[in-house]
Amino acid sequence: MEAIGLSGEISVEVNDHRIAMPPNSTLGDAIQASETPYREGSAIGLLKKDEGGRSGAIIDYVVKTSKGEFKIELNGGSVSSGIWADRFKDYEGVSVRWDSRDAIAFGPFEADIVPDKGSVSLEKYDVIFGAGGLDPGNTHLIIALDDHSSEYGAPEDGSFGKVISGINVLKELGSGDSILSIEPVLEWEETGEHICTSDLSTVLEDGYRIFTYVEVELNPETPEGAEHFFALIRDGTFDVDFVSSSFISDSSLHGEMCKYEGFDPRDKGSVWVRTVGYGSGKVFIARDDRPASVMHSVIGHLSHGMELVQMAEAGQKLMVKTDPEPIWLLGLSFKAAEEKLSALGIELVKKGYVEEDAVVVKQDPPHSIDVMRQGSVEVIGVPDSKLVSIELYDDLAPKTLDFFRHAIDLQFKPVGALPVMMTYENTYIFKAEKAAEKYKEIMPENVPVGKVNAGDIGVTNQAAKRHGMVGVKLDDDDMFGPTGEKFLSTNIIGHILEPEKLKGLKDGDVMYVIESKGSDN
């Protein structure tokens, strides 16, 4: 959308789209007028007009192709990067000349390079010039798709840039595709005056640039890391709990293990998860370039919103979009699952209970990226009567809920499984398959006083030998908790919203639970 340019109006840019607004318009007005993505309560970044000025150093370029866009970040300081900066418009219109497992090349075109006969070593997504037959008039733009070495007729300075987003697009390109346009992205200095706020009543000034969300392009080679990130931002936000000059971090999944998959440099805008040692499970977004690390698995890169990351403050929440989005089918009916998958061209294979009242409680592959790669997913259904909605008390029992969600996989999945250990006198005792009580503390927390209400969910705490047991009573009790323990040994973590569904359970059954959509989760 373009500014109308009427007298007295102000012009602002919302997530790269320029709009005209009446004087004294607020941030909320701009969000409504632009219909831009925004999550209530999340922080919004505002850059003021000309206060910081342009850095003058254009280091990022958006390359639009017939299959989509990718972004190149220049290394800077080399002869080749200077050639690119001077002549990048010359490369618009060139087509894919060849592609292989290791690289893809666009061209040919003429370039003022001095080809070298030797082999050049490239890291994944490096960008170089290469002259076929050592002829500068037969130069190609070559992008590495994997680490390798080859004789490309590249200049002595080698790689001059790196693809930092649009990786999925690279893998789709082939014969017949071409570069449609190349546009520079102007970098704002971090010292420029800015505001980061969730106050929608903030009055705007002419020339403000507004950023409401960040978008993360996840690495298709890191399916477990991607799923870890999906779990982290389940409510659609990245909770900034620590800020440094080099990164921001979210510790919501601190202590949860994640497989190491991505040994890549932690360039500005990269997203990584710590996989070993103290801080494992934490997720970071880089504000500047950092080297690769054997303790940090790089799982993606920002494709939008770097400015917002640079402005974020500890204690704020940033709205997050991802590419791809998670494929979570658990808790859905077969019909709803089919509708979701049909839009993605993915086949649904039904197993288990398949009647009309079936709900999905398991999916294979479990990871979204693997589902997309395979093109099909097998799901197991159970009767809706076995899926029970629960409300959990995060404010009252946060530590115990950390144990509970971890033990039944609610940290990473919409539906958790609770096997029935025993039932007696309207009391149901469950024992999670994962023995999380061996490494998760369950200190006394939110212990009942006076009585336990029917439908309360209790967890035996460490004041008793059988700590880690989960229980529910269908009647009020003024003597013992839901697991049959004394009140001081019982932590109340939530409430069953559909107690009638428990009446059919017997020893050895599995009760599946899903958090109520009406809760904060």
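**Cavities, buried charges and salt bridges**

Trainee: Which strands each supply at least two residues of the lining of the largest cavity?

Mentor: Strand 12 (161-165) and strand 22 (296-304) do so. Please keep in mind that this is a predicted model.

Trainee: And which strand gives the largest share of that lining?

Mentor: That is strand 22, which contributes 4 residues.

Trainee: How much space lies in the largest cavity?

Mentor: The largest cavity holds about 170 Å³. It is lined by 15 residues, and those closest to its centre are Tyr125, Ile167, Asp264, Val298 and His301.

Trainee: What is the lining of the largest cavity like by class?

Mentor: The lining is mixed: 7 residues are nonpolar, 4 are polar and 4 are charged.

Trainee: How many cavities of 30 Å³ or more are there?

Mentor: There are 2. The second largest has about 30 Å³ of space.

Trainee: Which residues line the second largest cavity?

Mentor: Among them are Ile390, Phe404, Leu418, Phe430 and Met511. The lining consists of 10 nonpolar residues, with no polar and no charged ones. Strand 31 (470-473) and strand 33 (510-515) each provide at least two of the lining residues.

Trainee: Changing topic, how many helices and strands does the chain have?

Mentor: The protein chain has 8 helices and 33 strands. Of its 521 residues, 54% are buried. Among contacts with a separation of 6 or more, 72% join residues 24 or more positions apart.

Trainee: How many salt bridges turn up in the whole structure?

Mentor: The search finds 29. In one of them, the side chains of Lys162 and Asp126 meet at 3.0 Å, N to O. Lys162 belongs to strand 12 and Asp126 to strand 9 (residues 126-131), so this pair ties together parts 36 residues apart in sequence.

Trainee: Are Lys162 and Asp126 buried or exposed?

Mentor: Both Lys162 and Asp126 are buried.

Trainee: What does Arg209 pair with?

Mentor: Arg209 forms a salt bridge with Glu13, at 3.2 Å from N to O. That pair links distant parts of the chain, with Arg209 in strand 15 (residues 209-211) and Glu13 in strand 1 (residues 10-14), 196 residues apart. Arg209 and Glu13 are both buried.

Trainee: What about Lys451 and Asp476, how far apart are their side chains in the salt bridge?

Mentor: Their salt bridge spans 3.4 Å, N to O. The two residues lie in loops: Lys451 between strand 29 (427-430) and strand 30 (456-460), Asp476 between strand 31 and strand 32 (490-496). Lys451 is partly exposed, with a relative accessible area of 42%, and Asp476 is also partly exposed, at 47%.

Trainee: Which residues are joined into one network by salt bridges that share partners?

Mentor: The network comprises Glu13, Asp16, Arg18, Arg209 and Glu307.

Trainee: Which side chain of opposite charge is nearest to Glu215?

Mentor: It is Lys321, 4.8 Å away, and Glu215 is buried yet has no salt bridge. Why the pair does not count follows from the cut-off, since a salt bridge requires nitrogen and oxygen within 4 Å. Glu215 sits in strand 16 (residues 213-218). Leaving aside neighbours within four places in sequence, Glu215 has contacts including His301, His304, Lys321 and Asp323.

Trainee: One last residue: why does Ala358 count as buried?

Mentor: Ala358 counts as buried because its relative accessible area is 2%, and the cut-off is under 20%. Ala358 lies in strand 25 (residues 358-364). Beyond residues up to four places away in sequence, Ala358 touches Leu332, Ser333, Phe334, Tyr353 and Val382.

Terms used: Residues numbered from 1 in each chain as written. Predicted model: local features only at pLDDT ≥ 70, side-chain atom pairs only at ≥ 80, totals over all residues. Heavy atoms only, no water. 1 Å grid on protein atoms, 1.4 Å probe; cavity = no way out; pocket = protein on both sides within 12 Å on 5 of 7 lines; lining within 4 Å. Points joined across faces, edges and corners; volume = space filled by probe spheres on them. Nonpolar A, V, L, I, M, F, W, Y, C, P; charged D, E, K, R; others polar. Buried < 20%, exposed > 50% of the residue type's maximum accessible area, 1.4 Å probe, protein only. Lys, Arg positive; Asp, Glu negative; His and termini not counted. Contact = heavy atoms within 4.5 Å.
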